[in-house]
Amino acid sequence: VHEKIKAMIDDGILHPGDKINKAGLAETLGVSQTPINEALSRLSGEKFVEQRRHQGYFIRAFSDEELCSLFEVRGGLESIATRLCAENARDDQIREIASCFDVFDLPFRDEWYADYVRADKIFHELIVVCSGNAVIFEIARTQGYLIKSNQKGLARPPAETLPEHREIIAALLARDAARAQELTVLHHLRSRDVFKETLLRKNS
């Protein structure tokens, strides 16, 4: 139940700021309210939801400051994960990562957007999984930083990120670990800068 609710947040079925209808959620998932309550308590501890006094549970909305921090964490962890993929992943794993964006091209078509969002999630999840590092995988699973950082959708348009993804893929195919790591850091810090610039405008 915990993982299903988290997936509903990730898929945008439950939106930031939404109040959670526990009875409706229990009916949707085909369970009693006991596992719903247990899952929501756990998700509250993980900061996916927040409990408001006398109001119930709400899907947590992350601030621009928090999103900056999340993309910095992604830059650190995923860059190491990408390096480890280049060093250690099997050829078939590298090919699977490399195939994520095969159906997309530039100029980018608007009708591709939803599929690109899914491909982006799969690409970054595969990098974590195929790194072979159990600690990185566990941090990604328990902290859910991939889900949290994507709360507002893609930080930058596909026209910007598709070439970056392809550069990372080229480095992986070449088994150039240092280059793959460097490109992944830059990829996430450029997304971080979107929220950083928003903060600067707010504070100016």
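**A guided tour: aromatic residues and helix 2**

Select Phe 108 and Tyr 116 to begin: both are buried, where buried means under 20% relative accessible area, exposed over 50% and partly exposed in between (1.4 Å probe, protein chains only). The model is a predicted one, in which local features need pLDDT of at least 70 and side-chain atom pairs count only at pLDDT 80 or more, while totals for chains, interfaces and linings use all residues. Residues are numbered from 1 along each chain as its sequence is written, and side-chain values use heavy atoms, with hydrogens and water left out.

**The aromatic residues**

Keep Tyr 116 selected; its relative accessibility is 0%. Add Phe 104, which counts as buried at 4% relative accessibility. The structure holds nine aromatic pairs; rings of Phe, Tyr and Trp (its six-membered ring) pair if their centres lie within 6.5 Å, and planes under 30 degrees apart count as stacked, over 60 as edge-to-face and the rest as tilted. One of these pairs joins Phe 104 and Tyr 116 edge-to-face, at 5.3 Å centre to centre and with 80° between the planes. Phe 104 lies in the loop between helix 5 (91-98) and helix 6 (113-130) and Tyr 116 in helix 6, so this pair ties together parts that are 12 residues apart in sequence. Helices here are DSSP runs (H or I, at least four residues), numbered from the N terminus.

The ring centres of Phe 108 and Tyr 116 are 5.4 Å apart and the planes stand at 80°, so this pair is edge-to-face. Now extend the selection to Phe 101, Trp 112 and Phe 123: together with Phe 104, Phe 108 and Tyr 116 they form one aromatic cluster.

**Helix 2**

Move next to residues 22-29, which make up helix 2. Which residues of helix 2 are buried? They are Leu 25, Ala 26 and Leu 29. These residues cover an arc of only 100° around the axis, which puts them on the same side of helix 2; the arc is that of the directions from the helix axis to the C-beta atoms. The face turned away from that buried side carries the exposed residues Glu 27 and Thr 28. Show helix 1 (2-10) and helix 3 (33-45) as well, since both are included in what covers the buried residues of helix 2; contact means heavy atoms within 4.5 Å.

At the other side of the helix's run, select Gly 30, which follows helix 2 and has a positive phi, near 70°.

Technical notes: Helices (H or I, at least four residues) and strands (E, at least two) are DSSP runs, numbered from the N terminus.
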